Amino acid sequence: MTLTLLAPPAEIIHLSGISWKTYETLLAEMSDRRLRLTYNRGNLEIMAPSTGHERFKKVAGRFVETMAEELRIRIEPLGSTTFKRPQLSGAEPDECFYIDNIEAVRGKKRLDLNEDPAPDLVIEIDVTSSSQNSLQVYADLGVAEVWVYNGESLVIQQLQNGTYITSPTSRFFPNLPILEIAIFLQQAGQTDYLELVKAFRNWVRSQLKK
């Protein structure tokens, strides 16, 4: 299949009745394009990330790394790696991290969810599209925890018996009020990036002293 874009794509395209073979073909065809594909049981979402989306994604990922540094928690960040459950679901998270299962994937150049565990933590930026479709995909993949930021608030979803349940705390950072991260994310693009990271680090340290 040859994909030709005659004009800039809409920010989000939804397609239904798409076969798994077509999804994998599109992944190969779009490998050099800045597009994200989410496949869920025959439904395909193609998204061209906006500037705002990418800004929040970058800052949220940096915040997770900062918390891990301050708490001395080992993490393996794998960004927007494509994860697939053949014939069923596939997704490219905004950001993802291995924490509990870090040793199972360390040093691997390719991951196969038939043999390897899914990411422990996924971050989804929900400022241009709904995360509901993605949550079903992440449940299929077996992602333990998903953080969803919609531009105003942060929601923590934890996988229990194949379904996501909203939680006020994170299983990976239980000593921190994670929902308050939204206050810092709202400053992304308005406050200097490194100054924001510094302020966030100071906040983490202040919370750990309580």
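Buried means under 20% relative accessible area, exposed over 50%, and partly exposed in between (1.4 Å probe, protein chains only). The model is predicted: local features need pLDDT of at least 70, side-chain atom pairs count only at pLDDT 80 or more, and totals for chains, interfaces and linings use all residues. Residues are numbered from 1 along each chain as its sequence is written, and side-chain values use heavy atoms, with hydrogens and water left out.

**Exercise 1.** Work out which way each residue of strand β2 points, and whether these residues are buried or exposed.

*Solution.* Start with the general pattern: in a regular strand, side chains alternate between the two faces of the sheet. In β2, R36, T38 and N40 point one way, L37 and Y39 the other, and all are buried. With 5 of the 5 residues of β2 (residues 36-40) buried, the strand is therefore largely enclosed by the rest of the structure. (Strands are DSSP runs of E, at least two residues; helices are runs of H or I, at least four; both are numbered from the N terminus.)

**Exercise 2.** Find the strands that pair with β2 (pairing takes at least two DSSP bridges).

*Solution.* First take β3 (residues 43-47), which is antiparallel to β2 over 5 bridges; here R36 stands opposite M47. Their hairpin has 2 residues between the strands, and R41 takes a positive phi near 50°. Then turn to β6 (residues 89-91), also antiparallel to β2, over 2 bridges, with N40 opposite S89.

**Exercise 3.** Which residues of helix α6 are buried?

*Solution.* List them: L196, V197, F200, R201, W203, V204 and Q207. Seen down the axis, they fall within an arc of 160° (directions from the axis to the C-beta atoms), so they line one face of the helix. On the other side, L194 and K198 are exposed.

Technical notes: Two strands pair if DSSP finds at least two bridges between them.
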